[in-house]
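Trainee: Could you take me through one part of this model up close? I'd like to hear about the aromatic rings and how they pair.

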Amino acid sequence: MTSPSSFPYNPYEGQIFYDPDTERTFECKFRDPLDRMINKHLAHYVWCDITEDGENYTFNCLSDR
């Protein structure tokens, strides 16, 4: 798994990050402000795994909670 410290520090909406160690591709998604208030999320954004594995397409988000 990619460690959070290896992701870009101050990402922008839609930023793509490729981790050569795990051969995975991630996209930065900003959280909805209302979702952050209701669910008390600490981070303004999450990194979502958008790696395509042949026919399989994974979409998993790494979150603070």
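Mentor: Sure, here is a look at the aromatic rings, with a short stop at an arginine afterwards. Keep in mind that this is a predicted model, where local features need pLDDT of at least 70, side-chain atom pairs count only at pLDDT 80 or more, and totals for chains, interfaces and linings use all residues. Residues are numbered from 1 along each chain as its sequence is written, and side-chain values use heavy atoms, with hydrogens and water left out.

The structure holds 5 aromatic pairs (rings of Phe, Tyr and Trp, the last by its six-membered ring, with centres within 6.5 Å; planes under 30 degrees apart are stacked, over 60 edge-to-face, the rest tilted). Phe7 and Trp47 are stacked because their ring centres are 5.0 Å apart and their planes sit at 15°. That pair links distant parts of the chain, 40 residues apart: Phe7 is in the segment before β1 (16–19), Trp47 in strand β3 (residues 45–49) (strands are DSSP runs of E, at least two residues, numbered from the N terminus). Both Phe7 and Trp47 are buried (under 20% relative accessible area, 1.4 Å probe, protein chains only). Together with Phe17 and Phe26, Phe7 and Trp47 form one aromatic cluster.

Now the arginine: Arg31 is in the loop between β2 (24–30) and α1. Arg31 is buried too, at a relative accessible area of 14%. Its side chain makes a polar contact with the side chain of His41 at 3.2 Å (N or O atoms within 3.5 Å, one able to donate a hydrogen and the other to accept it; residues adjacent in sequence count only if both atoms are side-chain atoms).

Note on methods:
Helix = DSSP H or I, 4+ residues; strand = E, 2+ residues; numbered from the N terminus. Buried < 20%, exposed > 50% of the residue type's maximum accessible area, 1.4 Å probe, protein only.
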